[in-house]
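Let's take a look at the pockets in this protein and at what lines them. Have the structure open and follow along.

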Amino acid sequence: MEYRKFGRTGVDVGIVGLGTEYLNNVPRETTVSVIQESVDSGINYIDIFFAHSEIRDDIGVALEGGRREKVMLAAHLGAAADEDNQYYKTRDIEISKKYFLDYLKRLKTDYVDVLMLHNVDPEDEYEEVM
């Protein structure tokens, strides 16, 4: 794996990261295997956003055994899920906080390394959130 500095952080990050959306609705064994093999192969940047709580649980299992400390986790703020795990965009601070805390709990961690504001599309919305 080739690594480069992540912005001004001084942290070395692989030029190949792992996006995990395609693991939604697959068996836990598949998710755990993909993530563990990726981390063990040197991938150290994982982007995680899911409406379905089960996938966050599966990723939490995959990161056990010291793998969490080997990766940078990128999380998305400003999106949540309803009771049916249906994704929706939100700018409500309390909903976002609740969803983010659930995210941390299911991933079995107390921090993320990168937090991005999710789904800011039209220019006027960009101006609003800034």
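## The largest pocket

Start with Ala81, Asp82, Lys98, Tyr99 and Asp102: of the 14 residues that line the largest pocket, these lie nearest its centre. Keep in mind that you're looking at a predicted model. The space in this largest pocket comes to about 300 Å³.

## Who builds its lining

Which elements each supply at least two residues of the lining of the largest pocket? They are helix H2 (53-62), strand S6 (79-81) and helix H3 (93-107). H3 chips in with five residues, the largest share of that lining.

As for chemistry, the lining of the largest pocket splits into six nonpolar, six charged and two polar residues.

## The second largest pocket

Now move on to the runner-up, the second largest pocket, with a volume of about 150 Å³. To find it, pick out Leu77 and Gly78, then Thr90, Arg91, Asp92 and Ile93, followed by Ser96, Lys97 and Phe100, and finish with Leu117, Glu128 and Val129; together these residues line the second largest pocket.

Two helices each give at least two residues to this second lining: H3 and helix H4 (123-129). H3 gives the most here, with four residues. Sorted by class, the lining of the second largest pocket has five nonpolar, four charged and three polar residues.

## The helix to keep in view

If you want one element to highlight on screen, try H3. It supplies the largest share of the lining of the largest pocket, and H3 also gives the most to the lining of the second largest pocket.

Conventions: Residues numbered from 1 in each chain as written. Predicted model: local features only at pLDDT ≥ 70, side-chain atom pairs only at ≥ 80, totals over all residues. Heavy atoms only, no water. 1 Å grid on protein atoms, 1.4 Å probe; cavity = no way out; pocket = protein on both sides within 12 Å on 5 of 7 lines; lining within 4 Å. Points joined across faces, edges and corners; volume = space filled by probe spheres on them. Nonpolar A, V, L, I, M, F, W, Y, C, P; charged D, E, K, R; others polar.
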